[in-house]
Amino acid sequence: MNKKKSILDCIKPVKTKLPKEDYFADLASKVAKTEQPSLSAKKTAKIRFLPVAYAAAAVLVIGFVLFQQFMAPSVETKSYESYLAELSANEILEYVESNIEDYSEDELIDASRPITEEEMESSTFTEVFGYIPEELETETIEQYLDEDFINLNNFDENELLIF
Amino acid sequence: MTEQDQKWRDTIQKGGRKAEQAFQELTIFYGPKLYAQVYKLVKNDTSAKDVLQETFIKIWLNIDKFEGKSSLYSWLYRITHNEALNFLKKEKRKSSISLDQNIIELIPGAYQLQGKGPNEILALLNQAISNLPDKQALVFELKYFQDLSYREIKVITGTSEGALKASFHLAKEKISNFLISQLNHSPLG
């Protein structure tokens, strides 16, 4: 059986005349020498870029944290006094009675001692007495003042402003 | 990737004096094959050397990007081919006729070639090779144009001789069919 003839058999490649080996050695040296600075420049550029990259990363992190805080649902904070005001006298009494063992002797003595004059002078009314109950009527207050012989004229204007 | 290719790549990636030496070895080994490949496309020595220089600059700067999934020669072949095509595009010389030496010769009286000249046939041949997958193209290049033995190609590509023979056979068939279709020729018996 005859071997199928290819069209490529009609074409005869001519071997290319190659440059001498020296040419390739010189080419390599030339390329390696001329382009070596580019390689180091590439590395230097990377090193120079690092602080900028770190700074950018830090800004991103801080920004993200602030954004999270900003976006977080705001929690209404209540003061200690307002929580206390919501409790009834009985509830407070109950709590103190059931937890009386949690308090040291010194704490109990300190809590029960009378308020000194010095403290009265340096503190505001609310700091000493807590808060003024809203349900207290003016007549009740006046009655209390009369019974205790408290004359409002004895107080200066600043002291009375606390009411 | 062959052991030698890996050694060259790793040494060049590390940089320094040894890198230059490794690069020189690589250039001396692959340079002639790549020169022949370029010459076939650009058709003269000066242009081939210009393209080859650009090619080796690219290789020097980008060898760290070569992952070693294919043979080093496949990678070099692709870079070289692209550089040559870019050169031709820039110079607008794709169809120019400025030969320093013949690249192919035609068998006198070969009626299958429809009276076409060597340059027309070479242009068709190059076009046919461009259409091939890289592996087939480079095997065809090394076997047909550079007349290397399968054993030599095996060393370069790290592919078994059997696989190389199959690749060359497929490449030859595809190129023949392309030439026949382009020359409006019926298959030869």
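Helices and strands here are runs assigned by DSSP, with at least four residues for a helix and at least two for a strand, and they are numbered from the N terminus. Counted that way, chain B of this predicted model has eight helices and one strand. Starting at the N terminus, the elements of chain B follow the order α-α-α-α-β-α-α-α-α. Chain A also comes to eight helices and one strand, but its pattern along the sequence reads β-α-α-α-α-α-α-α-α.

Let us look at burial next. In chain B, 36% of the 189 residues count as buried, whereas in chain A buried residues make up 5% of 163. Within chain B, among contacts with a separation of 6 or more, 64% join residues 24 or more positions apart.

Now for the inside. In soluble globular proteins, nonpolar side chains tend to be buried together. The largest nonpolar core of this model has 54 residues, and B:F23, B:V38, B:V42, B:L52 and B:L76 are the ones with the most contacts inside it. Helix α2 of chain B, residues 17–42, gives the largest share of this core, 12 residues. Take B:F23 as an example: leaving aside neighbours within four places in sequence, B:F23 is in contact with B:I12 and B:W60, and also with A:A28 and A:A32 from the other chain.

That brings us to the place where the chains meet. Here 25 residues of chain A are in contact with 37 residues of chain B. On the chain A side, β1 (11–13) and α1 (21–71) each supply at least two residues, and α1(A) provides the largest share, 11 residues. By class, the chain A side divides into 15 nonpolar, four polar and six charged residues.

Back in chain B, find helix α3 (residues 45–62) and helix α4 (residues 72–91), whose axes come within 9 Å and cross at roughly 130 degrees. Why is this pair called oblique? Angles over 145 degrees count as roughly antiparallel and those from 65 to 115 as roughly perpendicular, so the crossing of α3(B) and α4(B) falls in the oblique class. The crossing of α3(B) with α4(B) is right-handed. From α3(B), the residues B:S47, B:V51, B:E54, B:T55, B:K58 and B:I59 take part, and they meet B:L76, B:I79, B:T80, B:E83, B:A84 and B:F87 of α4(B). This contact has six nonpolar, three polar and three charged residues.

One of these residues is worth a closer look: B:K58, in helix α3 of chain B. Not counting residues up to four places away in sequence, B:K58 touches B:I79 and B:E83. B:K58 is partly exposed because 17 other C-beta atoms lie within 10 Å, while 20 or more would make a residue buried. From B:K58 to B:L76 there are 18 residues in sequence and 9.6 Å in space, C-alpha to C-alpha.

Finally, visit two loops. Most residues other than glycine have a negative phi. B:K43, in the loop between α2 and α3 of chain B, has a positive phi near 70 degrees. B:D147, in the loop between α6 (134–145) and α7 (150–157) of chain B, has a positive phi as well, about 55 degrees. Is each of them buried or exposed? B:K43 counts as buried because it has 21 C-beta neighbours inside 10 Å, whereas B:D147 is exposed, with 10 other C-beta atoms within 10 Å.

Notes
Residues numbered from 1 in each chain as written. Chains lettered and ligands numbered in written order. Predicted model: local features only at pLDDT ≥ 70, side-chain atom pairs only at ≥ 80, totals over all residues. Axes fitted to C-alpha atoms, helices over the stretch in contact; angles between N-to-C directions. Parallel < 35°, antiparallel > 145°, perpendicular 65-115°, else oblique. Left-handed = near helix turned anticlockwise from the far one by under 90°. Contact = placed C-beta atoms within 7 Å. Nonpolar A, V, L, I, M, F, W, Y, C, P; charged D, E, K, R; others polar. Core = buried A, V, L, I, M, F, W, Y, C linked by C-beta atoms within 7 Å. Buried ≥ 20, exposed ≤ 12 C-beta atoms within 10 Å, placed from the backbone.
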